[in-house]
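These are my notes from a first look through this structure. I wrote the entries in the order in which I looked things up.

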Amino acid sequence: MGSKRLPAFNHSDNNDKREKKPNRKEILEKKKAIDDLIKAASADKHPLDCFPSFRHFHKNGLSVYLESGCGDKLSSPTKQYIMGLLKANMEGPYGSEWPTEEKVKRKEMVMPEARYIFVHEAPNASSDEILTMSERKETLTVCLENRGSMVGFVHYRFTLEEEMPVLYVYELQLEPHVQAKGLGKFLMQLIELIARKNRMGAVVLTVQKANLLAMDFYLNKLRYIISTISPSRVDPLIRDEKSYEILCKSFDCEAEAIFER
């Protein structure tokens with residue numbers, strides 16, 4: 001008596017079902033959701049309001065306060081300050097590329113999507129005082145009214161990288177006398193909080209290889225990594241041809257798979 005043959009189990013069909021590619025509607029819906037996310041993040045003109053403890057840095061002999069801004073609202077003195085500090089800090093690391101980069105940065109600086117955190121020295125502040133919360137608010141009000149000298153800034157944007165919403169840090173620039181006091185780390189902690197609050201997948205930034213202090217700061221002190229989208233990892237054969245690395249810190253598995261693995 002012959003045995004009844006069971007239908008063959010098709011592994012490939014099963015895999016196709018498990019790994020079904022998103023259809024056009026799903027792709028468009030995801031793209032719209034990401035676009036809406038970036039628009040909502042960019043629409044917030046007062047990002048510091050959600051992080052009051054980050055409005056003021058009072059440590060290591062330094063007292064400064066932070067203020068937010070937008071690229072298309074910069075005053076002429078602020079534009080001059082930004083370009084002056086950029087030249088002072090970056091002409092060396094860029095070397096012969098600086099004249100071209102300076103023109104690029106001048107255009108990037110005033111784009112509507114550019115977002116800023118400005119750092120001002122706090123007038124008449126004793127660096128050894130321990131301020132209460134009410135005293136901090138009072139000091140901040142005085143600072144905003146008197147506007148102490150600007151000593152640095154962060155330029156960042158909410159954008160798409162590899163179809164992933166990210167906060168991209170274009171610049172973190174501080175004057176020499178406020179460096180090595182914990183302020184840079186403080187600012188990057190704030191940037192990461194802003195990125196997480198706005199549901200960005202990662203913080204991404206570009207660093208010149210010649211800027212050894214910046215490379216050490218991000219890679220060793222802040223634990224950023226050289227991203228898989230950085231030229232040296234995309235194609236090791238052109239490692240020496242490119243003067244920069246792209247670094248990142250991812251906040252979820254999807255971003256980690258794109259930027260880190």
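**Entry 1: the start of the sheet**

I began with strand 1 and strand 2 (residues 62–70), which run antiparallel and are joined by four bridges. The model is a predicted one, and I read every entry below with that in mind. I looked for residues that face each other here and found phenylalanine 57 opposite valine 64 of strand 2. Histidine 58 has serine 63, in strand 2, as its bridge partner. I then checked how the chain gets from one strand to the other. Strand 1 and strand 2 make a hairpin, with two residues between them. Asparagine 60 sits in that turn and has a positive phi of about 50 degrees.

**Entry 2: the whole sheet**

In what order do the strands of the sheet lie? I traced eight strands in an open sheet, ordered 1-2-3-4-5-6-8-7, with mixed pairing. The edges are taken by strand 1 (56–59) and strand 7 (225–226); each has a single partner strand, so one side of each has no neighbour in the sheet. I noted for myself that strands of a sheet pair through backbone hydrogen bonds, in a parallel or antiparallel sense.

**Entry 3: strands 2, 3 and 4**

I followed the sheet inward from strand 2. Strand 2 pairs with strand 3 over seven bridges, in the antiparallel sense. On this pairing I looked up glycine 69, and its bridge partner in strand 3 is tyrosine 116. Strand 3 pairs with strand 4 over six bridges, again antiparallel. There, valine 119 has glycine 152 of strand 4 as its bridge partner.

Next I checked burial. Eight of the nine residues of strand 2 are buried, so the rest of the structure largely encloses strand 2. For strand 3 the count is six of the seven residues, so strand 3 is also largely enclosed by the rest of the structure.

**Entry 4: helix 3**

I turned to the helices that lie on the sheet. Helix 3 lies across strand 3, strand 4, strand 5 and strand 6, and runs at about 80 degrees to strand 4. Helix 7 (residues 212–221) packs on the sheet too, where it touches strand 5, strand 6, strand 7 and strand 8 (244–250). The direction of helix 7 makes about 155 degrees with that of strand 6.

I compared the length of helix 3 with what its residue count suggests. Helix 3 (residues 76–94) has 19 residues, which at 1.5 Å a residue should span 27 Å; the C-alpha atoms at its ends are 25 Å apart, and this agrees. I also found a kink of about 40 degrees in helix 3, centred on alanine 88. Glycine 95 follows helix 3 and has a positive phi, near 60 degrees.

Which residues of helix 3 are buried? I listed Thr78, Tyr81, Ile82, Met83, Leu85, Leu86, Asn89, Met90, Pro93 and Tyr94. Their cover includes helix 4 (98–109), strand 3 (115–121), strand 4 (150–161), strand 5 (164–174) and strand 6 (202–208). I took threonine 78 as an example from helix 3. Its relative accessible area is 14%, under the 20% limit, so threonine 78 counts as buried. Leaving out residues up to four places away in sequence, threonine 78 touches Phe118 and Met150.

**Entry 5: helix 4**

I repeated the length check on helix 4. Its twelve residues should span 16 Å at 1.5 Å a residue, and its end C-alpha atoms are 15 Å apart, which agrees. The buried residues of helix 4 are Trp98, Lys105 and Met109. Viewed down the axis of helix 4, these buried residues fall within an arc of 35 degrees, so they line one face of the helix. On the other side of helix 4 I found Thr100, Lys103 and Lys107 exposed. Helix 3, strand 3, strand 4 and strand 5 are among the elements that cover the buried residues of helix 4.

**Entry 6: isoleucine 38**

I looked up one residue from helix 2 (residues 24–43), isoleucine 38. Isoleucine 38 is buried, with a relative accessible area of 12%. Its C-alpha atom is 8.2 Å from that of leucine 160, which is 122 residues away along the chain. Not counting residues up to four places away in sequence, isoleucine 38 touches Phe158, Thr159, Leu160 and Pro165.

**Entry 7: totals**

I closed with totals for the protein. I noted nine helices and eight strands. Of the 261 residues, 42% are buried. Among contacts with a separation of 6 or more, 72% are between residues 24 or more positions apart.

Key: Residues are numbered from 1 along each chain as its sequence is written. This is a predicted model: local features need pLDDT of at least 70, side-chain atom pairs count only at pLDDT 80 or more; totals for chains, interfaces and linings use all residues. Side-chain values use heavy atoms; hydrogens and water are left out. The expected span of a helix is 1.5 Å times one less than its number of residues. The bend at a residue is the angle between axes fitted to the seven residues ending there and the seven starting there. Buried means under 20% relative accessible area, exposed over 50%, partly exposed in between (1.4 Å probe, protein chains only). Contact means heavy atoms within 4.5 Å. Two strands pair if DSSP finds at least two bridges between them. Axes are lines fitted to C-alpha atoms, for helices over the stretch in contact, and angles run from 0 to 180 degrees between N-to-C directions. The arc is that of the directions from the helix axis to the C-beta atoms.
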